[in-house]
Amino acid sequence: MTVDCIFCKIINKQIPATIVAESESIIVFKDIAPQASIHYLIIPKKHIRDIQSLAPADYTIAADIIFMAQQLSQSLPEPQDFRLKISSGATAGQEVFHIHFHFLAGKRL
Ligand code: AMP
Ligand code: ZN
C-alpha cells in the first residue's frame, strides 16, 4: 500500500470500484471513464509504479497479468478479441502511477 495511490485504495476497499476478477496477485475492475463497451483495468496488488520499475522478482506478476487477460477474454463473445494497452511513464500518457493494463473489447465509445 502506498499512501495517496488511488489504485492501492481500490485494492484495500477504501474507495469503491466495480471489481470483475481477482486472484492472489491481481485485481481487475471497470475503468471509471470507459473508452469501449468493455474497459477493464488489470493491476497487480503490489504497488509498482511503472514497467521501468519492475524488478526481476516481479517476473511472475507480469505473467499473471497476461494470463488474467486470457481469462477475461473467455467471457467475451466470439471471436473473443481484445486490446491490452499500457502507458508507462508520464510522457507516454500515464496518469495513475500504479501499473495498469487497459483491457478493451467490444464497441469503441
Ligand atoms: P492512464 O492514463 O493509462 O494512467 O489511465 C488511468 C485510467 O484510470 C483512466 O482510464 C481513468 O479513467 C482510470 N481511473 C482513474 N480513477 C479511477 C477510479 N477511481 N476507478 C476506476 N478507474 C479509474
Ligand atoms: Zn498503488
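This report walks through the overall fold, a zinc site and some salt bridges of one protein.

The model is predicted, so local features need pLDDT of at least 70 and side-chain atom pairs count only at pLDDT 80 or more, while totals for chains, interfaces and linings use all residues. Residues are numbered from 1 along each chain as its sequence is written, chains are lettered from A and ligands numbered from 1 in the order in which they are written, and side-chain values use heavy atoms, with hydrogens and water left out.

**The overall picture**

Let's start with the fold. The protein has two helices and five strands; helices (H or I, at least four residues) and strands (E, at least two) are DSSP runs, numbered from the N terminus. Reading from the N terminus, you meet them in the order α-β-β-β-α-β-β. The radius of gyration is 13 Å, close to the 13 Å that the globule rule gives for 109 residues, so the protein is as compact as a globular protein of that length. (That radius is taken over C-alpha atoms, and the rule is 2.2 Å times the number of residues to the power 0.38.) Along the principal axes, the C-alpha atoms fill a box of roughly 40 × 30 × 30 Å.

What share of the 109 residues counts as buried? It's 35%, where buried means under 20% relative accessible area, exposed over 50%, and partly exposed in between (1.4 Å probe, protein chains only). Now look at contacts (heavy atoms within 4.5 Å): among those between residues at least 6 apart in sequence, 52% join residues at least 24 apart.

**The zinc site**

Which residues hold the zinc ion (ligand 2)? They are C5 (SG), C8 (SG), H47 (ND1) and H98 (ND1), at 2.0 to 2.3 Å. Donors here are N, O and S atoms within 2.8 Å of the metal (3.2 Å for Na, K and Ca); water is not among the atoms, so sites may look incomplete. Along the sequence, the donor residues are spaced C-x2-C-x38-H-x50-H. C5 sits in the segment before helix 1 (6-11) and H47 in the loop between strand 3 (36-44) and helix 2 (59-73), so this pair ties together parts that are 42 residues apart in sequence. C5 is buried, at 7% relative accessibility, whereas H47 is partly exposed, at 25%.

The angles among the four donor atoms run from 103 to 115°, and the site is tetrahedral. For four donors, that label asks for all angles to lie between 85 and 135 degrees. The ideal angle for four tetrahedral donors is 109.5 degrees.

**Salt bridges**

A salt bridge is a side-chain nitrogen of Lys or Arg within 4 Å of a carboxyl oxygen of Asp or Glu. The count by this rule comes to five, including these:

| Pair | Closest N to O distance |
|---|---|
| D4 and K9 | 4.0 Å |
| E22 and K13 | 3.9 Å |
| E22 and K45 | 3.0 Å |

E22 turns up in a network of salt bridges that links K13, E22 and K45. E22 lies in strand 1 (residues 19-22) and K45 in the loop between strand 3 and helix 2, so their bridge ties together parts that are 23 residues apart in sequence. How open are these residues? E22 is partly exposed at 43% relative accessibility, K45 is partly exposed at 26%, and K13 is exposed at 51%. In the other pair, D4 is exposed at 66%, while K9 is partly exposed at 26%.

Note on methods: Four donors count as tetrahedral if all angles lie between 85 and 135 degrees; four count as square planar and six as octahedral if opposite donors are over 155 degrees apart and all others between 65 and 115; anything else is irregular.
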